[in-house]
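Student: Hi, do you have a few minutes to go through this structure with me? I'd like to get a feel for how the pieces pack.
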Amino acid sequence: MPHKDVFCMRVKKLRKARGEQQQELADAIGVTQSTVSDIENGRRTTSFEKLAAICQHYNISADYLLGLIDEPRPLT
C-alpha cells in the first residue's frame, strides 16, 4: 500500500527538479506556501482537486505521486 511519505517526497522532488520555490507551486495550485511546506513535510494531506492540480502542473501521473508506480509518466 502506498505511504504518505512517498507522496511528500515526490512532490518535493518534482518541485526542486523544476527549480521552483514552494510559493511558486502554491500559486499554481491555489494554496499558501505554508500548505505546500506542510504537504512536503507530511503534516498535511491534500484534496483530490489539489492532487489533480499538482499532476497538471508537473504533467505527471497521480499513480507516480501516490507511489503506485516507480517511474514518472506524463499525463495522457
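Student: What covers the buried residues of α4?
Tutor: Keep in mind that this is a predicted model. The cover over the buried residues of α4 includes α1 (4-17), α2 (22-29) and α5 (62-65).

Student: And which residues of α4 are the buried ones?
Tutor: Helix α4 runs over residues 48-58, and its buried residues are Leu-51, Ala-53, Ile-54, Cys-55 and Tyr-58.

Student: What does the backbone do just after α4?
Tutor: Asn-59 comes there, and its phi is positive, at about 50°.

Student: OK, on to the largest nonpolar core. Which residues touch the most other members?
Tutor: Those are Phe-7, Ile-54 and Leu-65, out of 18 residues in that core. Two or more residues come from each of α1, α2, α3 (33-40), α4 and α5.

Student: Which element gives the most to this core?
Tutor: That's α4, with 5 residues.

Student: Back to Leu-65. What is it in contact with, leaving aside neighbours within four places in sequence?
Tutor: From the early part of the chain, Leu-65 contacts Val-6, Phe-7, Arg-10, Val-11 and Leu-14. Its contacts also include Leu-51, Ile-54, Cys-55 and Ile-60.

Student: Arg-10 caught my eye there. Is that arginine buried or exposed?
Tutor: Arg-10, which sits in helix α1, has a relative accessible area of 10%. Buried means under 20%, so Arg-10 counts as buried.

Student: What does Arg-10 touch, not counting residues up to four places away?
Tutor: Its partners are Tyr-64, Leu-65, Gly-67, Ile-69 and Asp-70.

Student: Changing topic: how many residues of α3 are buried?
Tutor: 6 of its 8 residues, so α3 is mostly covered. The buried ones are Thr-35, Val-36, Ser-37, Asp-38, Ile-39 and Glu-40.

Student: What do those buried residues of α3 pack against?
Tutor: They pack against α1 and α2.

Student: And what follows α3?
Tutor: Gly-42 does, with a positive phi near 75°.

Student: One last residue, Lys-12. Where does it lie, and why does it count as partly exposed?
Tutor: Lys-12 lies in helix α1. Its relative accessibility is 31%, and partly exposed covers the range between 20% and 50%, so that is where Lys-12 falls.

Student: How far apart are Lys-12 and Val-36 in space?
Tutor: They are 9.0 Å apart, C-alpha to C-alpha, with a separation of 24 residues in sequence.

Methods
Residues are numbered from 1 along each chain as its sequence is written. This is a predicted model: local features need pLDDT of at least 70, side-chain atom pairs count only at pLDDT 80 or more; totals for chains, interfaces and linings use all residues. Side-chain values use heavy atoms; hydrogens and water are left out. Buried means under 20% relative accessible area, exposed over 50%, partly exposed in between (1.4 Å probe, protein chains only). Helices (H or I, at least four residues) and strands (E, at least two) are DSSP runs, numbered from the N terminus. Contact means heavy atoms within 4.5 Å. A nonpolar core is a set of buried Ala, Val, Leu, Ile, Met, Phe, Trp, Tyr and Cys residues joined through side-chain atoms within 4.5 Å.
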